Amino acid sequence: MSEAALGSFDALVRLHRSLICDPDARPVDSALRPARVEEAEAWTWVPTFELIPYRCVDPIALALALAPEGTASFHDLSDDRLDGAIRHVVEVEGPIHWRVLAERLLDAAGVTRLGSRIRERIEERVEALEQRGDLIQQGPFVGRASQLRVPRLRDWSALPDEIRDLDHVPDTELMLALFRAVLDADDAEGIPADQAMNDGIHRMGFVRLTRNARERLQAPLEALLREGMLRLQRGSLHLGRDAFLRSAESAAGDPGPGRVGTAASDVVLESRPPLDAAELRTIRD
Amino acid sequence: MALFKVGEKDREGRQKRIEHTGPYLRASRTGGLALRAQGRVGAVNLTGNTRRGLRVSTRLAKNTQVAFQNGRFILRGRYGPDAAKLNVSKSGFSISTKTPIGAVNWIRPGSSSAKIAGIQVRGKNALYLQAIYLTLAAALTLVQLVVTIGLGIGQAVFWLIGQLIDRWRRAAAERERLDFRIADIAPIGTRLLVEHGVELEQESRRDLLAALVFCLVTLGRGRTAFEGPAAGMPAPETASEVALDADVRAVGEQVARWLGVGADRDGSVEAVAGGGVDGGGAGGEADGVRGALRVNADGTESDGLKSMRPEAPLGVLYLLARTFADKVDEATRAETLLSLDDACLAAGPRTRLQEAMLDVLAEGLGVEMRLEEAA
């Protein structure tokens, strides 16, 4: 559909798109979209496109300090205190990389070195919380179900270098960054993959598209292409036909666990059929 | 140079006087054959002519000439515009008017001139020719004036008739218009939503817009299942088009369920028995949605809701619009109204139900709009 003419849907399509790109804060959305209620406690797909600052947890709020209570070591912390601290860190920063989570806990407890016993203790508590249904682990990331389902685009620029690492950014967030870069580009002309990567991570506060960064972004980009969120045409990335569809209405009729914003995205992405070799070559070149 | 200047044009584009003028020879119908020579001494012109004798002349001022011809003093002056030229001579003055064929002297008619087809005449003959010419010219001007006035009157009458027809059409459309009061339809919509446990405030703006689209382009044309082509929407190609298509389909199923209607195989509507809706408002001549679906422009009628009264979809539409309006800014409300109006025309002229829906939509959105016939 081209220029708006009398008797056309063009203006409506534009208006609808603007509402998609500026979604409501937290609509329950149960009457008009009942199919999605069962599968999501929050907005299922199309997260906010707004860039929000990365919020760090306050170490004091974790109440793990050892000295005031006379606790000698990290291992003396009770399970309840540790569980509460883990839940709080995940609530504020989730989905969070396991290493960053451990860093937050050690920092709050005043411990400087992550030894193997401490590591095992944290892993044990995270698994316990997962079994209770409080948390979900996806690869190296820990988060609440809704956090893993609904990606957020965060500004990481204020974080220290050891934390501001693309390996610490969940795939869903990187997918959202790449998607946002393509969304901002001209629909007709598209955007080269390298440019999308650069724009995407730059918006998040990663200033240089290094070789490692490029490699890190390959999987999220391929996932977006597989999901139909993006499409590759003559070397440029464009929005895919299904880019704005919510999971309940994906082309296959299946909510699609691999879609951005759905529960088990990262896990299932591995099992998806690989992209065409020529497509992969185009992206990597 | 052409023979006797035949075919040569003067400044006014008329045939030049038929004559021969060479460096030393002049031959004309009235002047006969004459040898002549001309010279200049300072500011004085000297002319010798075998028929006219010797002439000494000079320019006294602009448009003023003095001369001696064979000892006789001559004074000539011509001043002013072509319409009323002042001619001055030693014996007095006269007033003349230039015409396309010569000049008419009003004080000394015998000094008038005329030239037709290069034949120059003066005196009475010229006066007769001028009189004939002026009479014909006046007659032609009169005819032109009459024709111009006639055309003007014709255009005015035509415009007046057009205005009367337009006013009559508008009055007829106004009579046919479905007229519902918000106070009548809103409670019906509210009751339907309550029956289905719907709280529109919880819905996203994206879905509310899709629901409005469904009401206008699908229910408004007497259908309950959204089909792009039936609504005038081309096959979706881009991400935005696919999303709108999918959203309208999905929310349309819910809205149709609230209204208690289901789609048959071809997408046209069969009202579920009873429909769960009582028509409470003033329906005018519309005793059901069927009556409301007739389009004004071509008189065609689409399949439609067989028994449901239009108050139910209008009531739900009003509540959807009001909820949507609470969630968007003023510019978006106006844009929504205009874009929905535009979409209504995508499948042809609006139905009467669509026109009523647009009125209700404008009320719900809090936007004023005046409907005009599509070109």
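How many bridges pair E2(A) with strand E4 (residues 141-143) of chain A, and in which sense do they run? I started my notebook with this one, keeping in mind that the model is predicted.

**Entry 1: the sheet in chain A**

I found two bridges between E2(A) and E4(A), and the pairing is antiparallel. Looking for a residue pair to anchor on, I noted that Ile96(A) has Val142(A) as its bridge partner in E4(A). I then followed the whole sheet: it is open, has three strands in the order E2-E4-E3 of chain A, and pairs in the antiparallel sense. Strand E2 (96-97) and strand E3 (136-138) of chain A each have a single partner strand, so each keeps one side without a neighbour in the sheet.

**Entry 2: the sheet in chain B**

Next I turned to chain B, where twelve strands make an open, antiparallel sheet running in order from E1 through to E12. I looked up its edges and found strand E1 (19-21) and strand E12 (119-122) of chain B, each paired on one side only. From one strand to the next, the twist averages 25°.

I picked out a few neighbours to walk through. Strand E4 (residues 44-49) and strand E5 (residues 53-61) of chain B are antiparallel and share five bridges. Here Thr47(B) has Arg55(B) in E5(B) as its bridge partner, and a hairpin of three residues connects E4(B) to E5(B).

E5(B) also pairs with strand E6 (residues 64-69) of chain B, again antiparallel, through six bridges. On that side I saw Ser57(B) opposite Ala67(B) of E6(B). Which residue takes a positive phi in the hairpin of E5(B) and E6(B)? My reading is Asn63(B), with phi near 65°, in a hairpin that has two residues between the strands.

Further along, I checked strand E9 (residues 92-99) and strand E10 (residues 102-105) of chain B, an antiparallel pair with four bridges. Lys98(B) finds its bridge partner in E10(B) at Ala103(B).

**Entry 3: a helix pair in chain B**

I then looked at helix H2 (residues 182-195) and helix H7 (residues 311-327) of chain B, which pack with axes 7 Å apart at an angle of about 85°. Because of that angle, H2(B) counts as roughly perpendicular to H7(B). On the H2(B) side the contact includes Ile182(B), Ile185(B), Ile188(B) and Leu192(B), and on the H7(B) side it includes Leu314(B), Val316(B), Tyr318(B) and Leu319(B). By class, I have eleven nonpolar, three polar and two charged residues in this contact.

**Entry 4: where the chains meet**

How many residues of chain B are in contact with chain A? I get 35 from chain B, against 32 residues of chain A. Helix H3 (205-218), helix H5 (239-259) and helix H8 (330-344) of chain B are the elements giving two or more residues to this side of chain B. H5(B) gives the most, with ten residues. I sorted the chain B side by class into 19 nonpolar, eight polar and eight charged residues.

**Entry 5: the cores**

Last, I looked up the nonpolar cores. The largest has 98 residues, and those with the most contacts inside it include Leu178(A), Leu212(B), Val213(B) and Leu361(B). H5(B) supplies the largest share of this core, twelve residues. Around Leu178(A), I listed contacts beyond its sequence neighbours, among them Met197(A), Leu217(A), Leu221(A) and Leu224(A). I also noted another core, apart from the largest, with 24 residues, including Phe74(A), Ile86(A), Leu135(A) and Ile136(A).

How values were computed: Residues are numbered from 1 along each chain as its sequence is written. Chains are lettered from A and ligands numbered from 1 in the order in which they are written. This is a predicted model: local features need pLDDT of at least 70, side-chain atom pairs count only at pLDDT 80 or more; totals for chains, interfaces and linings use all residues. Two strands pair if DSSP finds at least two bridges between them. Axes are lines fitted to C-alpha atoms, for helices over the stretch in contact, and angles run from 0 to 180 degrees between N-to-C directions. Two residues are in contact if their C-beta atoms, placed from the backbone, lie within 7 Å. Ala, Val, Leu, Ile, Met, Phe, Trp, Tyr, Cys and Pro count as nonpolar, Asp, Glu, Lys and Arg as charged, and the others, Gly among them, as polar. A nonpolar core is a set of buried Ala, Val, Leu, Ile, Met, Phe, Trp, Tyr and Cys residues joined through C-beta atoms within 7 Å. A residue is buried if 20 or more other C-beta atoms lie within 10 Å of its own, exposed if 12 or fewer, and partly exposed in between; C-beta atoms are placed from the backbone. Angles under 35 degrees count as roughly parallel, over 145 as roughly antiparallel, 65 to 115 as roughly perpendicular and the rest as oblique. Lists of a residue's contacts leave out its neighbours within four places in sequence.
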